[in-house]
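Work through the exercises below with the structure open. Each task is followed by a solution in steps.

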Amino acid sequence: MDDYDTLMEPGADKLTALLEAIAVAEKMKSELAVELHLLACEARVEGASWNQIARQVGSSRQAAHQRFGGGLTPEHVRLLEEQLVKAQAFAQLQLEFGDDDEFEEALSFVEQQEQLD
């Protein structure tokens, strides 16, 4: 994402493209935060100590515990629900389209629609 000129469609406004990229990056950041929280929870279930988790994220044991020790936030739950809806739609597409080419076309269409939203 270093060179937005190569990512932009011909005639596109650079500022608009940059602002859209910021929105996408922010959404990715939120989704990664959820994934990181879930991974930390799973690591704890598997026997990891707070010290081990803290080393991986570059924080103190106490900071790791405060960050990951509580339950999921409403934002985490919302993002997980979005991911579940997408996974269900993906599974439905797989069931409806036995042919790999038809499935790829349908998946491509869905991804294009998501980008328009």
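**Exercise 1. Classify Glu 104 by accessibility, then place Glu 104 in its surroundings.**

Solution.
- Step 1: Glu 104 has a relative accessibility of 48%, so it counts as partly exposed. The cut-off for exposed is over 50%, and for buried under 20%.
- Step 2: Glu 104 belongs to helix H6, which spans residues 100–116.
- Step 3: Glu 104 joins Asp 101, Glu 105 and Glu 111 in a negative surface patch.

Note that this is a predicted model.

**Exercise 2. Describe the overall architecture of the protein chain.**

Solution.
- Step 1: Count the elements. The protein chain has six helices and zero strands.
- Step 2: Write the order along the sequence. The pattern reads α-α-α-α-α-α.
- Step 3: Turn to burial. The protein chain has 117 residues, and 15% of them count as buried.
- Step 4: Add the surface. About 9,000 Å² is exposed, with 54% supplied by carbon and sulfur atoms.
- Step 5: Check the contacts. Take those between residues at least 6 apart in sequence; 40% of these join residues at least 24 apart.

**Exercise 3. Is His 37 buried or exposed, and which residues does His 37 touch?**

Solution.
- Step 1: Locate the residue. His 37 sits in helix H2, residues 14–45.
- Step 2: Apply the cut-off. Buried means under 20% relative accessible area. His 37 is at 4%, and therefore counts as buried.
- Step 3: List the neighbours, leaving out residues up to four places away in sequence. His 37 touches Arg 67, Phe 68, Gly 70, Gly 71, Leu 72 and His 76.

**Exercise 4. Do the matching analysis for Ala 64, and give its C-alpha distance to Gln 52.**

Solution.
- Step 1: Ala 64 is part of helix H4, residues 61–68.
- Step 2: Its relative accessibility is 0%, so Ala 64 counts as buried.
- Step 3: Leave out residues up to four places away in sequence. Ala 64 then touches Trp 50, Ile 53, Ala 54, Ser 59 and Gly 69.
- Step 4: Gln 52 is 12 residues from Ala 64 in sequence, and their C-alpha atoms are 9.5 Å apart.

**Exercise 5. Trace the salt bridges, and find which residues they link in a network.**

Solution.
- Step 1: Take the total. The structure holds three salt bridges.
- Step 2: Begin in helix H2. The side chains of Lys 27 and Glu 31 form a salt bridge at 3.3 Å, N to O. These two residues are four apart in helix H2, about one turn of the helix.
- Step 3: Cross to another helix. Glu 82 and Lys 27 meet through their side chains in a salt bridge at 3.0 Å, N to O. This pair links distant parts of the chain, 55 residues apart: Glu 82 is in helix H5 (residues 74–96) and Lys 27 in helix H2.
- Step 4: Stay with Glu 82. Arg 78 forms a salt bridge with Glu 82, and their closest N and O atoms are 2.3 Å apart. Arg 78 and Glu 82 are four residues apart in helix H5, so about one helical turn separates them.
- Step 5: Join the pairs. Lys 27, Glu 31, Arg 78 and Glu 82 form a linked network of salt bridges.
- Step 6: Check exposure. Lys 27 is partly exposed at 35% relative accessible area. Arg 78 is partly exposed at 35%. Glu 31 is partly exposed at 22%, and Glu 82 is partly exposed at 26%.

**Exercise 6. Which residues form a nonpolar patch on the surface?**

Solution.
- Step 1: The members are Leu 15, Leu 19 and Ile 22.
- Step 2: Together they have about 310 Å² of accessible area.
- Step 3: Leu 15 is placed in helix H2.

Technical notes
Residues are numbered from 1 along each chain as its sequence is written. This is a predicted model: local features need pLDDT of at least 70, side-chain atom pairs count only at pLDDT 80 or more; totals for chains, interfaces and linings use all residues. Side-chain values use heavy atoms; hydrogens and water are left out. Buried means under 20% relative accessible area, exposed over 50%, partly exposed in between (1.4 Å probe, protein chains only). Contact means heavy atoms within 4.5 Å. Patches are made of residues with over 30% relative accessible area and no salt bridge: like charges are joined within 9 Å, nonpolar side chains (Val, Leu, Ile, Met, Phe, Trp, Tyr) within 5 Å. Accessible areas come from the Shrake-Rupley method with a 1.4 Å probe; for residues, only the protein chains shown count as cover. A salt bridge is a side-chain nitrogen of Lys or Arg within 4 Å of a carboxyl oxygen of Asp or Glu. Lys and Arg count as positive and Asp and Glu as negative; His and the chain ends are not counted. The place of a charge is taken as NZ of Lys, CZ of Arg, CG of Asp or CD of Glu.
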